[in-house]
Amino acid sequence: IIFGEKGVTKSTMALIIYICLILPWHDNPLGWKAPSRSVKTAYLDYELPGGIAQYNAKRIQEGMDLPPFALFHRRCRLPMADDIEPILDWIANLKIEVLIIDSLARACGGDLIKTEPANEFFEALDKLKTTSLILAQTSKDIESKRKTIYGNALFTYYARNIFELCRSDFSQEDEIDVGLFHRWSNLSKIYPDTGFKISFNGQGTHIESQPISAAEF
């Protein structure tokens with residue numbers, strides 16, 4: 001799960017990960033290790049229609065001078081538990097290995113604070129039998145020094161890795177500085193904090209890595 005507040009470019013980061021997997025993007029500027037082959041990845045979008053997702057992906061392609069790639073995108077309007085059979089058919093037909101789910105609140109449905117919707121979501125997720133990257137909102141607890149995933153504690157307990165994406169206070173209108181912080185894992189070590197600059201201009205969306213400082217966040 002990658003979680004964060006509104007406007008921290010979670011969907012952009014998810015598309016970057018999508019491109020790293022599907023091309024694969026070996027010489028990406030983020031220093032991430034890409035797979036040795038193209039990994040069939042798909043985007044379950046509970047937030048935006050396909051045209052906007054295609055536009056955002058095209059902007060990254062143009063801004064980073066990348067070869068064309070397919071965006072396997074499905075617009076979802078029902079909670080995942082209520083739509084699981086059509087999703088399973090779609091995944092099987094495309095032979096999808098990795099799913100990006102944007103976002104947890106809409107995919108779950110119901111009251112996220114309660115246990116039942118969380119359990120129903122994870123039961124549906126188990127049926128997919130794919131690796132999943134889930135985008136989530138942040139908690140609204142202004143008293144806590146460290147934010148958590150919004151909703152029931154099961155979202156934290158059942159996640160295998162949790163990353164928080166934060167936006168720098170020094171970000172500008174056309175340039176956003178973000179930090180990706182590995183908050184928890186039960187499968188690996190905790191990886192170092194990483195920083196990125198995302199620029200939105202006439203040449204497309206450009207991403208580059210950069211040092212991260214505690215003062216920014």
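**Entry 1: the sheet**

I looked up the sheet first, in what is a predicted model. I found an open sheet of 9 strands with mixed pairing. Reading across, I wrote down the order β3-β2-β4-β5-β1-β6-β7-β8-β9. Which strands stand at the edges? They are β3 and β9 (204-210). Each of these has a single partner strand, so one side of each is left without a neighbour in the sheet. I also looked up the twist: neighbouring strands are turned by 20° against each other on average, direction ignored.

A reminder to myself: strands of a sheet pair through backbone hydrogen bonds, either parallel or antiparallel. I then went looking for examples of both kinds.

**Entry 2: strand β4 and its partners**

I picked β4 (98-102) next. It runs parallel to β2, and 5 bridges join the two. One pair I noted here is Tyr43 with its bridge partner Ile100 in β4. On to β5 (residues 131-137): this strand is also parallel to β4, with 5 bridges between them. Here I noted Leu99, whose bridge partner in β5 is Ser132.

Is β4 enclosed or open to the outside? I found that 5 of its 5 residues are buried, so β4 is largely enclosed by the rest of the structure. In a regular strand the side chains alternate between the two faces of the sheet. I sorted the residues of β4 by side with that in mind. Val98, Ile100 and Asp102 are on one side, while Leu99 and Ile101 are on the other. Both faces are covered.

**Entry 3: helix α3**

From β4 I moved to helix α3 (residues 84-94). Which of its residues are buried? I listed Ile84, Ile87, Trp90 and Ile91. They cover an arc of only 125° around the axis, which puts them on the same side of α3. The face turned away from that buried side carries the exposed residues Asp89, Ala92 and Asn93.

What covers the buried residues of α3? My list includes the strands β2 (41-45), β3 (72-75) and β4, together with helix α5 (115-128). So that I would not forget what comes after the helix, I added Lys95, which follows α3 and has a positive phi, near 60°.

**Entry 4: helix α1**

I looked at helix α1 (residues 10-22) as well. It lies across β1 (2-4), β2, β3, β4, β5, β6 (161-167), β7, β8 and β9. Against β2, I noted that α1 runs at about 160°.

**Entry 5: a salt bridge between two loops**

Side chains of opposite charge can pair when their charged atoms come close. I searched the whole structure for such pairs and got 5 salt bridges. One of them joins Arg37 and Glu97, with the closest N and O atoms 2.7 Å apart. Arg37 lies in the loop between α1 and β2, and Glu97 in the loop between α3 and β4, so the pair ties together parts that are 60 residues apart in sequence. I checked how accessible the two partners are. Arg37 is partly exposed, with a relative accessible area of 44%, and Glu97 is partly exposed too, at 32%.

**Entry 6: Lys197 and its network**

My last stop was the other part of the sheet, where β7 (residues 175-185) and β8 are joined by 6 bridges and run antiparallel. Val178 stands opposite Phe196 in β8. Lys197 belongs to β8 (residues 194-201) as well.

Is Lys197 buried or exposed? I found a relative accessible area of 18%; the cut-off for buried is under 20%, so Lys197 counts as buried.

Leaving aside neighbours within four places in sequence, Lys197 is in contact with Glu175, Ile176, Asp177, His206, Ile207, Glu208 and Gln210. I followed up two of these. Lys197 and Glu175 meet in a salt bridge of 3.6 Å, N to O. Lys197 lies in β8 and Glu175 in β7, so this pair ties together parts that are 22 residues apart in sequence. Glu175 is partly exposed, at 30%.

The other one is Asp177, which forms a salt bridge with Lys197, the closest N and O atoms being 2.8 Å apart. This pair also links β7 and β8, so parts that are 20 residues apart in sequence are tied together. Asp177 is buried, with a relative accessible area of 8%. I closed the page with the network: salt bridges that share partners join Glu175, Asp177 and Lys197.

Conventions: Residues are numbered from 1 along each chain as its sequence is written. This is a predicted model: local features need pLDDT of at least 70, side-chain atom pairs count only at pLDDT 80 or more; totals for chains, interfaces and linings use all residues. Side-chain values use heavy atoms; hydrogens and water are left out. Helices (H or I, at least four residues) and strands (E, at least two) are DSSP runs, numbered from the N terminus. Contact means heavy atoms within 4.5 Å. Buried means under 20% relative accessible area, exposed over 50%, partly exposed in between (1.4 Å probe, protein chains only). The arc is that of the directions from the helix axis to the C-beta atoms. Two strands pair if DSSP finds at least two bridges between them. Axes are lines fitted to C-alpha atoms, for helices over the stretch in contact, and angles run from 0 to 180 degrees between N-to-C directions. A salt bridge is a side-chain nitrogen of Lys or Arg within 4 Å of a carboxyl oxygen of Asp or Glu.
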